[in-house]
Each structure stands twice: as structure tokens, then as C-alpha cells.
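Biologist: Please take a close look at one part of this model and describe how its elements are arranged, then set that part against the chain as a whole.

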Amino acid sequence: MEDPSLLSPSETSISSETPSSTSTLSQELQRQRPDSQNFVVPHLCVSSVRTLTSHISCLALHDNLLYAASGEDINVYDLTTHTHIDTFTNNNPTSGSVKSISFHKGKIFTAHQDSKIRVWQITAAKRHRLVSTLPTVKDFLRRSILPKNYVRVRRHKKRLWIEHNDAVSGLAMANSFMYSVSWDKCLKIWRTSDLRCVESVKAHDDAINAVAVSAAGTVYTAAADGCIRVWERAGGGEGRTHTLITTLEKHKSTVNALALSGDGSSLFSGGCDRWILVWKREEGANANHMATTQALVGHTGPVLCLITVNDMIISGSSDQTVRIWSQTVDRRYYCALVLEGHVKPVKSLAAVSSGDSSDDVVSICSGSLDGEIKVWEVSAALNPKS
């Protein structure tokens, strides 16, 4: 594959799309006051990049670097300078597309179609070097000695319990653990200090599509069986194994995406039924039960991705749009903005805020199956509706 740095700017570098009449979002903010009756959320599509492959499978942001998975390749862009800085791949054509990207203590973790998780390190020259593949060879050899470590994955096939046996669809980090989910219906927990798999849970009856973990260690998994399941460590967090706390079954079909509020008190889920559901844990005797407090309706196609930033929910859909949901004064969500411009389904989102005040700007990156990444700037000063 050609080096993207040698290709034309329209194909490889982030090119400005900002209208000349609106040079910055801050100028737009000055023109539109939130107390105006005709207030429209100031927003701009400031840049875009088209990759050489047909779709974007995953986006992730870390230290102002945008990681964009496109097929087997991961392109890295500097959001400050809007330049391409690296492309890395494992050089294995059978690995398939990258499904998820996560970060922990200077390492980059990528989930792949071939059921592997790969670990990378960024060098001083901002190049990415493969340092391990999970499960590690050491862990594999140590476990393979004992027959009890093998589980049946098909009628005539067994594998070690530390291995996923289908595409790894999601990764999440919390404290010193990494959580991975797969189309093999399993949730696995990995210790990041030595990269060992310490637990495997048969979590669903169908392929798992998403995982989210709160700072307190509560794990949420969502699957094609239409269920969301909530897991916690046995013994009030002191145990070594995860137990099922509750199953959430309000979606009418496959659940594709999960996201948590900043404080972990709310869970958001999006599915093929086109809904985004807002969940909150009940208090008192029913503390293990979660109830839906709102269903957000607006997308005309399946919801494929969800993220949260600055108390906003951002969703992407097969209807080719990105929607931004803000809160009213009574803490209910409404659709504040629809971002249009993609010509195929929006598969992945990533966002970063310049701060916590209402004058700040949120940078939103949206990746689509049209192979294009768009970078939007949106005011954090969304107008509260009464």
C-alpha cells in the first residue's frame, strides 16, 4: 500500500472546509446570543479527510491525536496541525478490519476481526510499533498444559478460555483492567500490568457489539440479542469474578452502542430500533435495577455509535447523520443539532472539549462507510429549553 504522506492532500491530509465568511466558531458565537429566540447552535465543519479504503470502522482520540481505522490500517492525524503523522498495520492480511481502539499508560490497544487484540507503543519519532498480541505467547503456553483450560467453541473444536474465537468488537479500560467483548458472545477481562487474561464470562446469547465500564468498575455489555447486561465484581467489588446484576430489555432489536455519562450515573444505549435509551439506576432497595427515563427519537435508521462529552450525547446513524442531544433545565434530553454531509452510514465518533465552561468548543470527529472523516466544531453553549 502506498504511503499516505505521498498522496494528494485531498486524499490524505485534513483539508479545510471552513466557509470564508465564517472564519472561526468564536466569531459565530459573538453573532448569535443564546438568549435569542432564533438561537441556532453555532457549528462548523472545519475539515475532512478521505481515506484510500472504502470505510472507516473506528475512531479514537488520545493526546490530541486522532486514530482512524480503515480496513487493516490505522491512520494517525494531529488535530492541532491537521496533518497526517503515521500509518500502522500488523502486516497480516488475514487480521481483517480494526473494530475498536483504546489507550492505557502509553500503549495503544486495537481489537481485530481475526479475534486478536494487538498492543502498540508509540516511539519518540511518533511511529507505532507492535509490542504484543493477546493472548500473549507466554500466557498461551502456560495455560495450554492443562486440559481444564480448554472450552468447546464448536461441536468438534476446543480453544483455550483466554482466547476469543470470533471478531473482537469492543474494548474498554477501567483502573488496571481492560475489558474486551466479541461476537463469540464472551466478555474477557485482562490485567494491563502483565497483559494476562484473568477472567472469561459467557455474557450473551448472541454476538456482543459494545462494552462500557464505569470508574467504579460496573461493566455494561450490549448484544445482537437485544439485551444490555450489567456486571459487577462479586463481594461488593472485592471478588475476582464478575456476576450478573441485571438484564435490561427495552430495545426491540440489536443493541449496537453504549456510552456512560461523565459521572457514570446514566447509561445511554443505541440500537437498530433507531432509539437511544437513557437509563438510570434506582436508589434504595432497588439499587441493582436500572430503569429507562427517556427514549430519544430522531434518527431514521439504526443508531451505530454513541459518545458523551460535556453533558451532551452525540450519536451516529445509518441515516448518514450525526445528532447532538443536549439537556433541558429539567435534565431531559432534546436534539439540539443535526450534522449532515456524509453520504453513507456514520460508523464511529470521537470528541474532545476545549474545557468545561459554556464558552468552550467541542471538536467532533465522525467516520463513515463512505471512507471520509469529518471534523466539526460545535459550541458547548447549547441553549437550554424549558
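Modeller: Two strands are said to pair if DSSP finds at least two bridges between them, and the elements themselves are DSSP runs numbered from the N terminus (helices are H or I runs of at least four residues, strands E runs of at least two). The model is predicted, so local features need a pLDDT of at least 70 and side-chain atom pairs count only at 80 or more, while totals for chains, interfaces and linings use all residues. Residues are numbered from 1 along each chain as its sequence is written, and side-chain values use heavy atoms, with hydrogens and water left out.

The part I would look at is an open sheet of 4 strands, which follow one another in the order 3-4-5-6 with antiparallel pairing. Its edges are formed by strand 3 (58–62) and strand 6 (83–88), each of which pairs on one side only. Averaged over the sheet and with direction ignored, neighbouring strands are turned by 20 degrees against each other (axes are lines fitted to C-alpha atoms, for helices over the stretch in contact, and angles run from 0 to 180 degrees between N-to-C directions). At the edge formed by strand 3, this strand runs antiparallel to strand 4 (residues 65–70), and 5 bridges join the two. Within that pairing, Ala 60 stands opposite Tyr 67 of strand 4.

Another open sheet of 4 strands has the order 17-18-19-20, and its pairing is antiparallel; here strand 17 (208–213) and strand 20 (242–248) are the edge strands, pairing on one side only. For this sheet the average turn between neighbouring strands, direction ignored, is 25 degrees. Strand 17 pairs in the antiparallel sense with strand 18 (residues 219–223) over 5 bridges, and Ile 208 stands opposite Ala 223 of strand 18.

As for the whole, the protein chain holds 31 strands and 3 helices. Of its 386 residues, 53% are buried (under 20% relative accessible area, with exposed over 50% and partly exposed in between, for a 1.4 Å probe and protein chains only). Among contacts (heavy atoms within 4.5 Å) between residues at least 6 apart in sequence, 45% join residues at least 24 apart.

A word on confidence belongs here: pLDDT, the predictor's confidence in each residue from 0 to 100, averages 85 over the protein chain, and 84% of the residues score at least 70. Over residues 1–39, however, pLDDT stays under 50, and the model has 67 contacts beyond four places in sequence for this stretch.
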